[in-house]
Every structure is written in structure tokens, then in C-alpha cells.
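Happy to walk through this one with you at the bench. Take a look at the model first, and then we can go through some questions together.

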Amino acid sequence: MFNLILFGPPGSGKGTQSDKLVAKYGLIHLSTGNLLREEITQKTPLGLEAKSFMDKGQLVPDEVVIGMIDSSLEKHKEATGFLFDGFPRNVAQACALDKLLDLKKTTINIVLALEVNQEELVKRLLNRGKTSGRSDDTNEEVIRKRFAVYIDETSPVAEHYKKVRKFQSIKGEGTVDEIFSSLCEAIDKKMK
Ligand code: B4P
């Protein structure tokens with residue numbers, strides 16, 4: 001199995017690059033953001049609860065997202081690998097993922113972190129907000145809150161994977177294709 005985490009702040013290109021990476025490497029794409037938005041669209045109780053956190057730029061409670069990842073892993077028992085996008089978003093989620101993968105006798109092979117400066121991120125998200133209908137992308141205050149949460153809660157996840165030498169930074173500015181080639185280069189090297 002080959003398991004990859006695509007890491008980075010909101011708007012860094014995780015979703016954009018994930019679509020290209022799963023097509024190339026045949027991995028199963030697990031995006032907690034997408035899974036949560038599906039629940040919101042279907043107006044499930046979980047979706048309604050999640051929306052109240054997402055609209056404020058806060059993280060959805062750990063038990064909700066960890067449960068979603070657990071059942072997605074179970075659903076794809078035959079997978080040759082997973083791409084985790086937007087998960088883990090704090091150290092507790094990273095520890096939970098280690099345990100879930102351990103039970104399945106597998107592990108994370110590499111964490112690729114997209115590095116983009118904050119002003120570019122705000123520009124990208126406000127731009128997406130004009131067309132995506134995502135309520136968390138239209139308000140600059142909510143976007144700034146998401147960055148604050150990223151710095152406080154998500155960035156310590158980098159240390160978790162640096163300790164085991166699985167973490168690698170990738171320049172996340174440039175064209176989508178340029179960034180995709182840098183990601184592929186790192187993955188191909190790791191797969192060898
Ligand atoms: P996510 O859905 O993960 O969304 P995101 O981090 O905002 O965006 P992403 O990084 O995927 O977007 P992309 O850059 O591709 O999370 C949304 C919310 O869900 C969170 O705030 C949280 O509340 C909740 N949540 C999700 N996971 C959670 C978890 N594990 N625990 C708790 N809560 C969780 O795209 C951004 C824009 O940039 C696009 O418009 C794109 O076209 C553009 N773009 C991409 N690459 C570009 C490039 N190279 N140049 C120019 N523009 C580019």
C-alpha cells in the first residue's frame with residue numbers, strides 16, 4: 001500500500017492537486033472537507049452540526065471526522081493506497097490515524113506540505129467563494145479565522161511527521177501543473 005497525506009493551509013491547493021494525484025496513482029481520495037460538505041448537502045444531523053463549525057472557520061469535533069475516516073477505510077478494504085486531504089488537522093487526529101492504519105497493518109509513507117504565502121491564500125479563497133457557493137469562502141473574517149486555527153491546531157501536525165522523517169515541503173505557488181510535477185517527483189522517489 002502507498003498512503004500519502006497532502007498537507008497545507010486552507011486554499012493551498014490540496015483539493016486541486018488531490019484530484020490529479022488520485023487519477024495518476026489510483027489512490028482512494030479521502031477529503032474530510034468533501035465528506036463533510038456531502039453531509040451538509042444531504043442535510044443529515046451530522047451535516048447540520050458540522051456546518052455550524054465550518055461557517056465560523058472552526059474545526060469540526062475530532063470524533064466526527066475520525067469516525068468518517070474510519071468508515072471510509074473500512075469501505076475500501078481492497079484499496080492499494082489512500083490520499084488523505086485535509087486530514088489530520090490536529091495532533092489528536094494524527095494519533096488516531098496512526099492507530100487506525102496500524103490496525104490495518106499499514107502506515108503513512110509520506111506527508112507532502114504545500115507552502116503558499118497568506119495573501120495569495122486569501123486571494124484564492126475569496127476568488128473561489130465567488131463561484132463555489134461555499135459559505136466559508138465568502139467572508140474574509142472567517143478565512144482569517146481558518147488561518148489562525150491552522151497555525152494553532154494544524155501546524156503542530158508537521159512536527160508529528162517530521163519526528164519520523166516522513167514530512168516534505170513543496171512549493172505551492174506557480175501553475176497547477178508545475179506544482180503537480182513537484183508532487184509527482186517526490187512521490188516517485190518515495191515509491192522507488
Ligand atoms: P477543506 O475542504 O479541507 O478546505 P480548504 O482547506 O479550505 O481548501 P483546499 O486546500 O482543499 O482548497 P484548494 O486549495 O484546492 O476544509 C473546509 C472546512 O472543513 C474546514 O475549515 C473545517 O471546518 C472542516 N474540516 C475539514 N477537514 C477537517 C478535519 N479533519 N477536522 C476538523 N474539521 C475539518 O483550493 C483553493 C482555491 O485555490 C481554488 O479555487 C483553486 O482553484 C485555487 N487554486 C488551487 N491551486 C492554485 C494555483 N496553483 N494557483 C492559483 N489558484 C489555485
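What follows is a set of questions and answers on this predicted model, covering the ligand, the pockets and the backbone.

Q: Where does the ligand sit?
A: Let's start with the space itself: the largest pocket has a volume of about 880 Å³. A molecule counts as sitting in a pocket if more than half of its atoms lie within 2 Å of the pocket's grid points. By that test, the ligand's place is the largest pocket.

Q: Which helix gives the most to the shell around the ligand?
A: The shell has 29 residues, and the closest include Gly-13, Thr-32 and Arg-37. Helices H1 (14-25), H2 (32-41), H6 (118-132) and H9 (176-191) each supply at least two residues of this shell. With four residues, the top contributor is H2.

Q: How many residues of the shell around the ligand are charged?
A: Arg-37 and Arg-146 are among the closest residues to the ligand. Sorted by class, the shell has 10 nonpolar and 11 polar residues, and the number of charged ones is eight.

Q: How far is an oxygen atom of the ligand from a polar backbone atom of Gln-58?
A: For a polar contact, the N or O atoms must be within 3.5 Å. Gly-15 offers a polar backbone atom 3.1 Å from a ligand oxygen, while Arg-134 brings a polar side-chain atom to 3.5 Å from a ligand oxygen. For the backbone of Gln-58, the distance is 2.7 Å.

Q: What percentage of the ligand's accessible area does the protein cover?
A: Contacts to the ligand include one from a polar side-chain atom of Arg-134, at 3.5 Å from an oxygen atom. On its own, the ligand has 1000 Å² of accessible area, and the share covered by the protein is 87%.

Q: How many residues in the lining of the largest pocket are polar?
A: This pocket is lined by 48 residues, with Pro-10, Lys-14, Arg-89, Arg-134 and Arg-146 nearest its centre. Elements that each supply at least two lining residues include strand E1 (4-7), strand E2 (28-31) and helix H7 (140-154). The lining divides into 17 nonpolar and 11 charged residues, and the polar count is 20.

Q: Which element gives the most to the lining of the second largest pocket?
A: This pocket has a volume of about 170 Å³, and its lining includes Arg-37, Ile-40, Thr-41, Lys-51 and Met-54. Two elements give two or more residues to it, H2 and helix H3 (45-54). With three residues, the one that gives the most is H2.

Q: Is the peptide bond from Phe-87 to Pro-88 cis or trans?
A: Pro-88 is found in the loop between strand E3 (82-85) and helix H5 (91-103). Most peptide bonds are trans. The bond from Phe-87 to Pro-88 has omega near 0°, and that makes it cis.

Q: What is the phi of Lys-43?
A: Lys-43 has its place in the loop between H2 and H3. Most residues other than glycine have a negative phi. Lys-43 is not a glycine, yet its phi is positive, at about 55°.

Conventions: Residues numbered from 1 in each chain as written. Predicted model: local features only at pLDDT ≥ 70, side-chain atom pairs only at ≥ 80, totals over all residues. Heavy atoms only, no water. Near = heavy atom within 4 Å. Polar contact = N/O pair within 3.5 Å; in protein donor to acceptor, adjacent residues only side chain to side chain. Areas by Shrake-Rupley, 256 points an atom, 1.4 Å probe, with all protein chains shown as cover. 1 Å grid on protein atoms, 1.4 Å probe; cavity = no way out; pocket = protein on both sides within 12 Å on 5 of 7 lines; lining within 4 Å. Nonpolar A, V, L, I, M, F, W, Y, C, P; charged D, E, K, R; others polar. Points joined across faces, edges and corners; volume = space filled by probe spheres on them.
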